[in-house]
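Please open the structure in your viewer and keep the selection box handy. We will go from stop to stop together, choosing something and then looking at what is there.

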Amino acid sequence: HHSDVRTYRVAIIGAHGVGKSALVGQFMSSECINAYDRVRNDDTDPESVFVMLNGEESELVFTYCNNIKVEMNRNELPDAFVMMYSVIDKTSFKTTEDELARLQNWDALRSRVLIVVGNKIDLVRSRAVSTQESALPSVNNRSSSIPPNCYFEMNHGKCLACAYRAKFMEISVVINHNVDELLVGILTQIRLKEELQ
Ligand code: GDP
């Protein structure tokens, strides 16, 4: 009965230890909320989920890695990029900035969903990347690849995401904060992009 269900690929990219595998594990096991229903896909790929959203079911297949190989065939690029860092690890934020710039220079982001995610916000006392700071690209990232109309908004906030026209979300996988919202957000953005094409 899944034959008419569309499948989308989601790549979760971030430095070692930011919580990528924990996030996918949480996507697999967290309870359904009333906004959508989800069925576990036990018989095939263990890292795919069926999400029922607005009366329509879709399959999301997750992969996670430290970076996307530039040699990758463009046809193999995912439908959505989730760029993940840990708010207690400044280096992981830098990795996300660098990886975004690299993907942009390679023109891999065009017409694809892009979501910047800061994880581990439960570790309040150890926080090293503020919500505000996560918005500000470092100076050496202000290349021509950043749309000019975003310079203005960089003074405000949440604009590493803004600079790349990405969605931005802070989550905690361990306390299950914003994890369901992220899952629904990924699919919602994918469908919006699809409608625009
Ligand atoms: P990966 O290398 O990106 O796949 O990272 P893992 O998923 O293996 O997670 C690395 C470590 O961070 C593990 O010990 C996780 O339990 C922990 N971790 C993941 N998410 C969170 C979170 O939201 N809060 C806290 N406190 N720890 C987390």
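**Stop 1: the ligand**

Which residues are closest to the ligand? Select Gly19, Lys20, Ser21, Ala22 and Val173, the closest of the 15 residues that surround the ligand. Keep in mind that you are looking at a predicted model. Now add helix α1, residues 20-29, to your selection: α1 gives three residues to the shell around the ligand, the largest share. If you colour the shell by class, you will find five nonpolar, seven polar and three charged residues.

**Stop 2: the whole chain**

Zoom out and switch to a cartoon view. The protein chain has five helices and seven strands, and reading along the sequence gives the pattern β-α-β-β-β-β-α-β-α-α-β-α. The chain has 197 residues, and 36% of them count as buried. Looking at contacts with a separation of 6 or more, 72% are between residues 24 or more positions apart.

**Stop 3: strand β6**

Next, select residues 113-119, which form strand β6. Is β6 enclosed or open on its two faces? Both faces are covered: Val113, Ile115, Val117 and Asn119 are buried on one side, and Leu114, Val116 and Gly118 are buried on the other. Because seven of its seven residues are buried, β6 is largely enclosed by the rest of the structure.

Add the strands that pair with β6. Strand β5, residues 80-86, runs parallel to β6 and is joined to it by seven bridges; to see one pairing, pick Met84, whose bridge partner in β6 is Val117. Strand β7, residues 167-170, is also parallel to β6, with four bridges between them. Here you can pick Gly118, which stands opposite Glu170 in β7. Then show helix α2 as well, and you have a right-handed β-α-β unit made of β5, α2 and β6.

**Stop 4: a residue in α2**

Stay with α2, residues 90-105, and select Thr95. Why does Thr95 count as buried? Thr95 has 22 C-beta neighbours inside 10 Å, and 20 or more are enough to be called buried. Leaving out residues up to four places away in sequence, Thr95 touches Gly14, Ala15 and Tyr85. Try the distance tool from Thr95 to Val24: the two are 71 residues apart in sequence, and their C-alpha atoms are 20 Å apart.

**Stop 5: the nonpolar core**

Now select Val10, Ile12, Ala80, Phe81, Val82, Ile115 and Ile186. These residues have the most contacts inside the largest nonpolar core, which has 47 residues. Click on Val10 and look beyond its neighbours within four places in sequence: its contacts include Leu60, Phe62, Ala80 and Ile186.

**Stop 6: three loop residues**

Finish in the loops. Leu77 sits between β4 and β5 and is partly exposed, with 17 other C-beta atoms within 10 Å. Leu77 is 68 residues from Arg9 in sequence, yet their C-alpha atoms are 8.2 Å apart.

Asp107 is in the loop between α2 and β6, while Lys120 is in the loop between β6 and α3. Neither is a glycine, but phi is positive in each: near 60° for Asp107 and about 75° for Lys120. Which of these is buried and which is exposed? Asp107 counts as exposed, with 9 C-beta neighbours inside 10 Å, whereas Lys120 counts as buried, with 25.

Technical notes
Residues are numbered from 1 along each chain as its sequence is written. This is a predicted model: local features need pLDDT of at least 70, side-chain atom pairs count only at pLDDT 80 or more; totals for chains, interfaces and linings use all residues. A nonpolar core is a set of buried Ala, Val, Leu, Ile, Met, Phe, Trp, Tyr and Cys residues joined through C-beta atoms within 7 Å. A residue is buried if 20 or more other C-beta atoms lie within 10 Å of its own, exposed if 12 or fewer, and partly exposed in between; C-beta atoms are placed from the backbone. Two residues are in contact if their C-beta atoms, placed from the backbone, lie within 7 Å. A residue is near a molecule or strand if its C-beta atom, placed from the backbone, lies within 6 Å of it. Ala, Val, Leu, Ile, Met, Phe, Trp, Tyr, Cys and Pro count as nonpolar, Asp, Glu, Lys and Arg as charged, and the others, Gly among them, as polar. Two strands pair if DSSP finds at least two bridges between them. A crossover is right-handed if, with the strands pointing away from the viewer, the path from the first strand over the helix to the second runs clockwise.
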